[in-house]
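Morning, everyone. I'll take one structure today and walk through it piece by piece. Have it open in front of you.

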Amino acid sequence: MSKVLTSIGLIGTLVYGIVLYVLIQGRIGTVIALPLNELGDFLAGAFGPLAIFWLILGFFQQGIELRQNTAALNLQARELKNSVEQQQALVDVSRNQFQAELEAINYERGLQRRLQQPNLLFTNKTATHRRDLHEYQIHFMNAGNSATNLTTSLNRAVRVLTPQIVPNCPRDHAITVALQYDGAVPADNSILTFDYLDALGIPGQIQYELRHDHQGEFPGISLHRVQN
């Protein structure tokens with residue numbers, strides 16, 4: 001478009017020069033003989049329209065360049081937006097990958113942590129009832145890793161609780177917890193707690209809830225593991 005405007009300007013200037021030459025043909029000597037101020041007025045009047053013509057062409061050329069610059073800026077803005085979106089997508093992918101790796105690491109750590117812990121599973125129970133005494137033998141088996149300094153406790157009043165402590169509890173070791181009550185019915189929501197040190201020497205805890213079983217001639221209990 002710039003070449004077109006230049007061509008128009010040159011052609012217009014040529015045509016205007018020809019017309020001006022035709023108009024002053026034969027009077028060049030008179031023009032030259034004019035005083036300087038009148039000669040300046042003549043030249044201003046003669047070439048003023050041509051200057052305005054070129055000014056108009058420059059205005060159009062400036063508008064064209066402005067539109068081209070605007071289009072270039074819009075294109076750059078779109079490219080920048082696409083680049084930002086791509087970078088955001090890469091960040092999201094990296095974040096999701098990092099989160100997945102972190103979850104995998106945490107899962108592996110948790111798995112390794114659980115592999116070092118004992119797992120006391122309730123196997124069965126027996127009971128002995130006399131007039132003024134109820135005794136329950138609750139049997140557990142360690143299906144996990146070995147533990148040391150395993151202690152038992154109950155959050156309710158009980159006449160006898162054994163064993164108080166098991167110094168060493170290897171895998172597949174059987175433990176029988178004996179509870180004796182003085183003629184009283186075992187209280188609901190009793191929590192039997194095993195505190196221990198796992199294979200790494202880290203403290204841990206396993207809990208069972210003892211619930212009163214009203215069925216049968218004598219009071220009984222049922223066990224439900226508490227999820228820590």
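Start with the largest pocket. About 300 Å³ of space lies in it. Keep in mind that this is a predicted model. Which residues sit nearest the centre of that pocket? They are R114, Q117, P118, N119 and R225, out of 16 residues that line the pocket. Three elements each give two or more residues to the lining: helix α3, residues 36–115, strand β8, residues 203–213, and strand β9, residues 220–226. Which of them gives the most? That is α3, with three residues. Now the chemistry. The lining has six nonpolar, seven polar and three charged residues.

Step back to the whole chain. How many helices and strands does the protein chain have? Three helices and nine strands. The order along the sequence is α-α-α-β-β-β-β-β-β-β-β-β. So much for the layout. As for burial, the protein chain has 228 residues, and 23% of them count as buried.

Next, the surface. There is a nonpolar patch of about 440 Å². Four residues make it: I52, I56, F59 and F60. Take F60 from that group. F60 belongs to helix α3. Is F60 buried or exposed? In between: its relative accessibility is 47%, so F60 counts as partly exposed.

For contrast, go to L192. You will find L192 in strand β7, residues 190–197. With a relative accessibility of 0%, L192 counts as buried. Look at what lies across from L192. The C-alpha atom of S153 is 5.9 Å from that of L192. Along the chain, these two residues are 39 residues apart.

On to the charges. Side chains of opposite charge can pair when their charged atoms come close. How many salt bridges does the model have? The count is three. Let me take them one by one.

The D92 and R95 pair. Their side chains meet in a salt bridge at 2.8 Å, N to O. Why are these two about one helical turn apart? Because D92 and R95 are three residues apart in helix α3. D92 is partly exposed, at 28% relative accessibility. R95 is partly exposed too, with a relative accessible area of 47%.

The D198 and R113 pair. Here the N to O distance is 2.2 Å. What does this pair tie together? D198 sits in the loop between β7 and β8, and R113 sits in helix α3, so the salt bridge ties together parts that are 85 residues apart in sequence. D198 has 3% relative accessibility, so D198 counts as buried. R113 has a relative accessible area of 24%, which makes R113 partly exposed.

The E209 and R211 pair. This salt bridge spans 3.3 Å, N to O. Is E209 buried or exposed? Buried, because its relative accessibility is 16%, and the cut-off for buried is under 20%. R211 is partly exposed, at 38%.

Last topic: the backbone. Most residues other than glycine have a negative phi, and most peptide bonds are trans. I have three places to show you against that background.

Where is the cis peptide bond? From T162 to P163, with omega near -10°. P163 lies in the loop between β4, residues 160–162, and β5, residues 165–169.

Then N149. Phi of N149 is near 50°, a positive value, and N149 is not glycine. Which element holds N149? Strand β3, residues 147–154. N149 is partly exposed, at 42% relative accessibility.

Then D172. Phi of D172 is also positive, near 70°, again in a residue other than glycine. D172 sits in a loop, the one between β5 and β6, where β6 covers residues 174–181. Is D172 buried or exposed? Exposed, because its relative accessibility is 54%, and the exposed class begins over 50%.

To recap. The largest pocket takes its biggest share of lining from α3. The salt bridge between D198 and R113 also involves α3, through R113. F60, part of the nonpolar patch, lies in α3 as well. The cis bond runs from T162 to P163. That's it from me. Over to you.

Technical notes: Residues are numbered from 1 along each chain as its sequence is written. This is a predicted model: local features need pLDDT of at least 70, side-chain atom pairs count only at pLDDT 80 or more; totals for chains, interfaces and linings use all residues. Side-chain values use heavy atoms; hydrogens and water are left out. On a 1 Å grid over the protein atoms alone, a cavity is a set of points where a 1.4 Å probe fits but cannot get out, and a pocket is an open set with protein on both sides within 12 Å along at least five of seven lines; lining residues have an atom within 4 Å of a point. Grid points are joined across faces, edges and corners, and a volume is the space filled by probe spheres set on the points. Helices (H or I, at least four residues) and strands (E, at least two) are DSSP runs, numbered from the N terminus. Ala, Val, Leu, Ile, Met, Phe, Trp, Tyr, Cys and Pro count as nonpolar, Asp, Glu, Lys and Arg as charged, and the others, Gly among them, as polar. Patches are made of residues with over 30% relative accessible area and no salt bridge: like charges are joined within 9 Å, nonpolar side chains (Val, Leu, Ile, Met, Phe, Trp, Tyr) within 5 Å. Accessible areas come from the Shrake-Rupley method with a 1.4 Å probe; for residues, only the protein chains shown count as cover. Buried means under 20% relative accessible area, exposed over 50%, partly exposed in between (1.4 Å probe, protein chains only).
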